Amino acid sequence: MVEEGNIGASNKAVEEDNGPKGLYYCFWGPIYWFRMLAMETHWSFVFAVVSTYGISQGLGGALARVGTEYYMKDVQKVQPSESQVYTGITSIPWIVKPIWGLLTDVIPIRGYRRRPYFILSGLLGLVSMLVISLHGKLHLVFALMALTAGSAGVAIADVTVDACVAQNSNKNPSLAADMQSLCSLMSAIGALIGFSISGVFVHLIGPKGVFGLLTIPAALVFSVGIVLLEPHDVNFAYKEVSEKFLDAGKAMWRTLKCPEVWRPCLYMYLSFALSLNINEGLFYWYTDSKEGPLFSQETIGYIFSFGAVGALLGAILYQNILKDHPFRDLLFWIQLFYGLAGMLDLILVLRINLKFGIPDSVFVVIGEAVTQMIGRLKWMPLLVLSAKLCPSGIEGTFFALLMSIDNFGLLSSSWGGGLLLHTLNVTRTKFGNLWLAILIRNIFRLSPLGVLFLIPRGDPNSSILPTEMLGSEDETVAEESSNVELVSLVNSVDGR
């Protein structure tokens with residue numbers, strides 16, 4: 001293993017030495033980098049990452065978001081409060097991500113742990129998107145079932161490719177950072193391209209046509225399950241499956257009972273749940289011809305693409321400037337600015353920006369970029385904190401559990417926002433109380449400051465868990481091979 005690692009490192013060095021330098025490196029550098037990763041891991045692994053992160057989650061996720069909003073508004077003709085609730089329902093598969101992770105790790109199918117789950121994911125996406133795109137007038141219940149099935153397909157593929165990244169990181173430790181960079185880069189590029197073209201496609205072929213296009217990412221994920229290089233395990237003991245599930249459950253429950261763990265978990269849930277999501281109400285207002293600015297489909301896509309740029313800038317800002325600051329101090333200022341940033345929506349809805357000569361399209365782009373940047377700045381320290389709450393031996397599985405808690409908070413936020421829009425009678429054509437909904441949302445965004453004492457005062461370089469829960473280095477190494485299924489989530493932002 002050491003010799004293979006040295007050979008891999010030397011090959012990487014040779015690639016860098018033989019690679020292009022100077023001005024041409026901007027063009028040839030990424031090509032050499034991709035070729036190096038394909039040679040060191042296998043081309044099918046790189047294809048899996050590009051297909052899952054770049055095309056399925058990045059580009060496909062952007063198309064799906066814009067397409068779903070127009071589908072609910074123009075095809076199903078639901079109220080914004082209802083659309084808010086339905087959006088939360090379709091995100092439920094991401095809440096149960098630990099289950100998908102455990103399934104891919106402890107239950108191989110015909111001797112394979114990853115390939116069958118990629119095939120299952122692709123089939124879910126293909127069938128669900130075809131049903132929505134080809135059916136003339138699909139009943140709302142069946143449409144929700146299809147959208148949820150498509151979301152489940154993306155979530156299963158996400159967990160499965162994370163497990164592949166973890167396995168290859170263990171085999172090629174010197175390339176671990178490159179693999180995570182590949183995942184993040186593909187996701188960011190895919191989202192930027194997807195949001196940029198989403199409005200154009202909605203305008204040209206409609207939301208149902210966009211769902212038809214989403215069969216292409218699903219087909220690529222399906223093809224990953226066919227071509228992926230994976231060892232064949234024919235001697236798996238299926239009788240041990242229930243025991244593994246039981247052991248994982250007991251270990252997670254023991255950890256959650258620790259005050260150093262459940263207190264930050266409670267804060268993370270409340271910080272997301274209390275930041276009410278009323279995006280559907282704003283979207284309906286954006287596209288309204290009487291009270292709103294009547295943005296076109298293309299403009300909506302461009303707005304979201306600038307939001308993706310803002311999120312990327314937030315991640316860069318955190319990584320280079322803010323990553324060493326204490327958790328409690330950093331989250332105080334971020335949560336405060338998150339509430340204040342919501343006032344940009346209030347200024348837009350009240351049309352105050354027009355009094356200063358700022359067009360709606362310019363002001364909404366600024367607001368979206370700022371909001372997404374601050375949202376990412378809020379997310380990043382919580383990711384780091386979650387990683388530090390994971391005890392030795394169950395790091396990956398417990399981290400996925402923490403991400404599920406966060407996703408449940410986002411679900412509560414979406415449903416709470418839908419209830420707020422319904423209570424204030426914000427409908428498809430009535431937006432008189434939308435400003436009040438925004439104001440209430442902004443106040444709720446500040447409310448997590450009252451429970452900030454649940455967050456430890458330490459910084460990312462200090463230990464949070466009790467000493468007895470950290471485990472020794474030898475114990476960690478011994479458990480590593482049996483916990484590979486979700487360990488890469490510690491270094492991955494998801495999902496979603």
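Trainee: Helices here are DSSP runs of H or I with at least four residues, strands are runs of E with at least two, and both are numbered from the N terminus. How many of each are in the chain?

Mentor: The chain has 22 helices and zero strands. This is a predicted model, where local features need a pLDDT of at least 70 and side-chain atom pairs count only at pLDDT 80 or more, while totals for chains, interfaces and linings use all residues. Residues are numbered from 1 along each chain as its sequence is written, and side-chain values use heavy atoms, with hydrogens and water left out.

Trainee: What does the chain average for pLDDT?

Mentor: The average is 84, and 86% of the residues score at least 70. pLDDT is the predictor's confidence in each residue, from 0 to 100.

Trainee: Where is confidence lowest, and where is it highest?

Mentor: Helix 22 (residues 473–480) is lowest, with a mean of 42, and helix 20 is highest, at 97. Over residues 1–20 the pLDDT is below 50, and the model gives that stretch 20 contacts beyond near neighbours in sequence. Contact means heavy atoms within 4.5 Å. Residues 472–496 also stay under 50, with 59 contacts beyond four places in sequence.

Trainee: Back to helix 20. How does its span agree with 1.5 Å a residue?

Mentor: Its 13 residues should span 18 Å, and its end C-alpha atoms are 19 Å apart, which agrees. The expected span is 1.5 Å times one less than the number of residues.

Trainee: Which residues of helix 20 are buried?

Mentor: Leu434, Ala437, Ile438, Arg441, Asn442 and Arg445 are. They cover an arc of only 135 degrees around the axis, so they sit on the same side of helix 20. The arc is taken from the directions from the helix axis to the C-beta atoms. Buried means under 20% relative accessible area, exposed means over 50%, and partly exposed is in between (1.4 Å probe, protein chains only).

Trainee: An arginine in that list? Why does Arg441 count as buried?

Mentor: Because its relative accessible area is 1%. Arg441 lies in helix 20, residues 434–446. Not counting residues up to four places away in sequence, Arg441 touches Leu276, Ile278, Leu282, Gly342 and Asp345.

Trainee: Leu282 is in helix 13, I think. Which residues are buried there?

Mentor: Glu280, Gly281, Leu282, Phe283, Tyr284, Trp285 and Tyr286. That is seven of the eight residues, so helix 13 is largely enclosed by the rest of the structure.

Trainee: And what about the loop after it? Where is Gly292 found?

Mentor: Gly292 is in the loop between helix 13 (279–286) and helix 14 (297–322). Gly292 is buried, at a relative accessible area of 12%. Leaving out residues up to four places away in sequence, Gly292 touches Trp285 and Arg351. Gly292 and Phe431 are 139 residues apart in sequence, but their C-alpha atoms are 8.6 Å apart in space.

Trainee: Leu294 is in that loop too. What is its phi?

Mentor: Positive, about 55 degrees, although Leu294 is not a glycine. Most residues other than glycine have a negative phi. Leu294 is partly exposed, at 49% relative accessibility.

Trainee: And Arg351, the one touching Gly292? What is its phi?

Mentor: Arg351 has a positive phi of about 60 degrees, and Arg351 is not a glycine. Arg351 is found in the loop between helix 16 (343–349) and helix 17 (352–355). Arg351 is partly exposed, with a relative accessible area of 21%.

Trainee: Change of topic: Thr52. What does its side chain reach?

Mentor: The backbone oxygen of Ala48, at 2.9 Å. That is a polar contact: a pair of N or O atoms within 3.5 Å, where, within protein, one must be able to donate a hydrogen and the other to accept it, and residues adjacent in sequence count only if both atoms are side-chain atoms. Thr52 is in helix 3 (residues 43–75) and counts as buried at 0% relative accessibility. Beyond its neighbours within four places in sequence, Thr52 is in contact with Gln57, Phe118, Ala157, Asp158 and Val161.

Trainee: Last one. How many disulfides are there?

Mentor: Zero, taking a disulfide as a pair of cysteine sulfur atoms within 2.5 Å. Cys164 is buried at 4% relative accessible area, and Cys265 is buried at 6%.
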